[in-house]
2 protein chains.
Amino acid sequence: MMEHDHNAILKKVRQELPADELLSDLSDLFKIFGDTTRCKILYALFESEMCVCAIAELLGMTQSAISHQLRILKDADLVGKRREGKTIYYFLSDDHVRTIIAQGFEHLIEDYTERE
Amino acid sequence: MMEHDHNAILKKVRQELPADELLSDLSDLFKIFGDTTRCKILYALFESEMCVCAIAELLGMTQSAISHQLRILKDADLVGKRREGKTIYYFLSDDHVRTIIAQGFEHLIEDYTERE
DNA sequence: CTAACATATGAACAGTCATTCATATGAATG
DNA sequence: CATTCATATGAATGACTGTTCATATGTTAG
């Protein structure tokens with residue numbers, strides 16, 4: 001294996017390839033979007049901030065499961081939280097989340113329409 | 001749990017929430033980006049099409065490992081391939097891939113600059 | 001201070017997934 | 001047509017991850 005020559009291409013690509021750490025952070029970010037529950041939560045928060053138990057009811061899932069996922073989203077700074085008495089409201093932290101998901105959707109939709 | 005009232009919000013969000021299947025497809029798409037190896041491959045293909053063994057050498061990984069990942073990327077229509085004799089060249093299938101990754105990077109970079 | 005509610009968290013389990021190893025396919029060359 | 005090179009693939013394995021269960025933390029009301 002690897003007997004024919006492609007050193008020219010390798011050299012060029014190596015120059016442009018971002019650092020390992022950055023690419024690792026990037027895939028970590030996408031990893032977060034790569035779960036249905038988390039996508040649903042994020043999408044729900046598009047519309048309005050929500051407390052944990054409302055999200056749980058919306059998705060038909062345990063409060064615990066939602067809490068665990070919210071923690072992941074919070075650690076990644078994708079959502080923020082705000083306390084109001086006993087309840088804690090979560091919200092999208094910035095608009096990049098919207099753009100990233102919107103872009104993903106655009107890709108999907110193009111796929112769907114191409115199939116027809 | 002779930003004793004206080006948030007029916008109004010739930011009703012509103014339920015209307016706007018995309019179908020389960022679509023959200024599932026969306027997270028499946030992001031799942032593909034959520035792996036360092038695949039991110040690296042995609043990023044490498046930004047620059048130029050590449051054959052399997054060149055990618056393997058670039059990333060310092062087994063040809064087999066790369067082949068497996070390329071299959072996943074191909075199944076998701078994120079890359080295409082082209083045969084030229086014994087070697088097979090892979091390339092990005094469309095520009096959405098670029099945009100999605102670029103958007104992810106933008107989010108990361110904003111995070112980095114905010115920290116200073 | 002105690003009871004009730006809202007959320008968080010740790011441990012455990014089950015399912016998923018990326019890599020490796022061995023091997024198979026497929027193309028070109030002599 | 002046998003050998004070599006380029007790639008593909010199936011099975012196995014180890015690591016990771018999402019959910020559940022039990023329980024802890026923190027807040028408000030009485």
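Helix 4 (52–59), helix 5 and strand 3 (87–92) of chain A, together with helix 3 (36–47) and helix 5 of chain B, each contribute at least two residues to the surface near DNA strand C. The model is a predicted one, and in it the surface near DNA strand D draws two or more residues from each of helix 3 (36–47) and helix 5 (63–75) of chain A and helix 4 (52–59), helix 5 (63–75) and strand 3 (87–92) of chain B. Between chain A and chain B, about 5600 Å² of area is buried, and the largest nonpolar core holds 78 residues.

**DNA strand C**

- Around DNA strand C there are 30 residues, of which A:Ser64, A:Tyr90, B:Thr37, B:Arg38 and B:Gln69 come nearest; of the atoms of this strand that come within 4 Å of the protein, 64% belong to sugar and phosphate.
- By residue class, the surface near DNA strand C is made up of 10 nonpolar, 12 polar and eight charged residues.
- Phosphate oxygens of DNA strand C are approached by chain A through backbone and side chain: a backbone N or O atom of A:Val52 is 3.2 Å from one such oxygen, a polar side-chain atom of A:Ser67 lies at 2.8 Å from a phosphate oxygen, and a polar side-chain atom of A:Lys81 lies at 3.3 Å from a phosphate oxygen.

**DNA strand D**

- DNA strand D has 31 residues around it, and those that come nearest are A:Arg38, A:Ser64, A:Gln69, B:Ser64 and B:Tyr90; sugar and phosphate make up 65% of the strand's atoms that come within 4 Å of the protein.
- The residues of the surface near DNA strand D fall into 10 nonpolar, 12 polar and nine charged.
- An N or O atom in the side chain of A:Thr62 is 2.9 Å from a phosphate oxygen of DNA strand D, and a polar backbone atom of B:Ile88 is 3.2 Å from a phosphate oxygen of this strand.
- A base oxygen of DNA strand D, by contrast with the phosphate oxygens just described, is the partner of B:His68, whose side chain places an N or O atom 2.8 Å away.

**Contact between the protein chains**

- Chain A gives 57 residues to the contact and chain B gives 57 residues, while carbon and sulfur atoms account for 71% of the roughly stated total of about 5600 Å² buried between them.
- On the chain A side, A:Phe30, A:His96 and A:His107 lose the most area to chain B, and together these three residues make up 12% of what that side buries.

**Nonpolar core**

- Within the largest nonpolar core, the members that touch the most other members are A:Phe30, A:Phe33, A:Ile101, B:Phe30, B:Phe33 and B:Ile101.
- B:Ile101 has partners in both chains, touching A:Leu26 and A:Phe30 as well as B:Phe33, B:Leu42, B:Tyr43 and B:Phe46, when residues up to four places away in sequence are left out of the count.

**Backbone at Asp77**

- Most residues other than glycine have a negative phi.
- A:Asp77, although not a glycine, has a positive phi of about 60°; this residue sits in the loop between helix 5 and strand 2 (79–84) of chain A and is partly exposed, with a relative accessible area of 40%.
- In chain B, B:Asp77 likewise has a positive phi of about 60° without being a glycine; B:Asp77 lies in the loop between helix 5 and strand 2 (79–84) of that chain, and its relative accessibility of 40% makes it partly exposed.

Key. Residues numbered from 1 in each chain as written. Chains lettered and ligands numbered in written order. Predicted model: local features only at pLDDT ≥ 70, side-chain atom pairs only at ≥ 80, totals over all residues. Heavy atoms only, no water. Near = heavy atom within 4 Å. Polar contact = N/O pair within 3.5 Å; in protein donor to acceptor, adjacent residues only side chain to side chain. Helix = DSSP H or I, 4+ residues; strand = E, 2+ residues; numbered from the N terminus. Nonpolar A, V, L, I, M, F, W, Y, C, P; charged D, E, K, R; others polar. Core = buried A, V, L, I, M, F, W, Y, C linked by side-chain atoms within 4.5 Å. Buried < 20%, exposed > 50% of the residue type's maximum accessible area, 1.4 Å probe, protein only. Contact = heavy atoms within 4.5 Å. Buried area = accessible area lost by both parts, 1.4 Å probe.
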